[in-house]
Amino acid sequence: ARGADADGTLFSAAVLIFLAMACDVLDGTAARWADRATPFGAQLDSLCDAISFGAAPALLMFQFCLPTGWPPRLLWPIAALYVAC
């Protein structure tokens, strides 16, 4: 079977997004516990959240829907809207 998940890449991406969620919880907790919260850390956390929970799921959706016949002209705006929200 030839498709977007022929070699398990979509599953791997989903697992990595879940791992990012776990790390997101742990890093904030560790920073507060160690009393090492900084403004730079807060900005870096926001950037990581935008990538892990904005861009990565949007690209995952794009890759998942592409082989099903959805036109890329429609998928890109949907993915961009998700990231923007």
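## Helix packing: questions and answers

Student: Asp-35 lies in the loop between α1 and α2. How are such helices assigned and numbered?

Tutor: Helices are DSSP runs of H or I with at least four residues, strands are runs of E with at least two, and both are numbered from the N terminus. This is a predicted model: local features need pLDDT of at least 70, side-chain atom pairs count only at pLDDT 80 or more, and totals for chains, interfaces and linings use all residues. Residues are numbered from 1 along each chain as its sequence is written, and side-chain values use heavy atoms, without hydrogens and water.

Student: What makes Asp-35 exposed?

Tutor: Its relative accessible area is 69%. Exposed means over 50%, buried under 20%, and partly exposed in between, with a 1.4 Å probe and protein chains only. Asp-35 therefore counts as exposed.

Student: What about the phi of Asp-35?

Tutor: Phi is near 55 degrees, a positive value in a residue other than glycine. Most residues other than glycine have a negative phi. Asp-35 takes this value just after α1.

Student: How do you know whether the length of α1 fits a helix?

Tutor: Compare spans. The expected span is 1.5 Å times one less than the number of residues. For the 25 residues of α1 that gives 36 Å, and the end C-alpha atoms are 36 Å apart, so the two agree.

Student: And α2, what is its span?

Tutor: Helix α2 covers residues 39-65, 27 residues in total. From first C-alpha to last it reaches 38 Å, close to the 39 Å expected.

Student: Where does α2 bend, and by how much?

Tutor: At Ile-51, by about 25 degrees. The bend is the angle between two axes, one fitted to the seven residues ending at a residue and one to the seven starting there.

Student: Why is Ser-52 called buried?

Tutor: Ser-52 is in helix α2. Its relative accessibility is 19%, so it counts as buried. Gly-54, Ala-58, Phe-62 and Cys-65 of α2 are buried too.

Student: What covers the buried residues of α2?

Tutor: The cover includes α1 (9-33) and α3 (72-84).

Student: Which residues does Ser-52 touch?

Tutor: Contact means heavy atoms within 4.5 Å. Leaving aside neighbours within four places in sequence, Ser-52 is in contact with Ile-17, Ala-20 and Pro-57.

Student: Ile-17 is in α1. Is it buried or exposed?

Tutor: Its relative accessible area is 18%, so Ile-17 is buried. With the same neighbours set aside, Ile-17 is in contact with Ser-52, Phe-53, Ala-56, Pro-57 and Leu-60. Leu-10, Ala-20 and Gly-28 of α1 are also buried. The buried residues of α1 pack against α2.

Student: Phe-18 is in α1 as well. Buried or exposed?

Tutor: Exposed, because its relative accessibility is 55%. Phe-18 and Ser-52 are 34 residues apart in sequence, with C-alpha atoms 9.0 Å apart.

Student: What makes Gly-28 buried?

Tutor: A relative accessible area of 18%. From Gly-28 to Asp-45 there are 17 residues in sequence and 8.4 Å in space, C-alpha to C-alpha.

Student: How are α1 and α2 oriented to each other?

Tutor: Their axes come within 10 Å and cross at roughly 165 degrees. That makes α1 roughly antiparallel to α2. Axes are lines fitted to C-alpha atoms, for helices over the stretch in contact, and angles between N-to-C directions run from 0 to 180 degrees. Under 35 degrees counts as roughly parallel, over 145 as roughly antiparallel, 65 to 115 as roughly perpendicular, and the rest as oblique.

Student: Which hand does the crossing of α1 and α2 have?

Tutor: Left-handed. In a left-handed crossing the near helix is turned anticlockwise from the far one by less than a right angle; clockwise makes it right-handed.

Student: What makes α2 and α3 antiparallel?

Tutor: They pack at about 160 degrees, with axes 8 Å apart. They are therefore roughly antiparallel to each other. Their crossing is right-handed. Among the residues making the contact are Phe-53, Ala-58 and Phe-62 of α2 and Leu-75, Trp-76 and Tyr-82 of α3.
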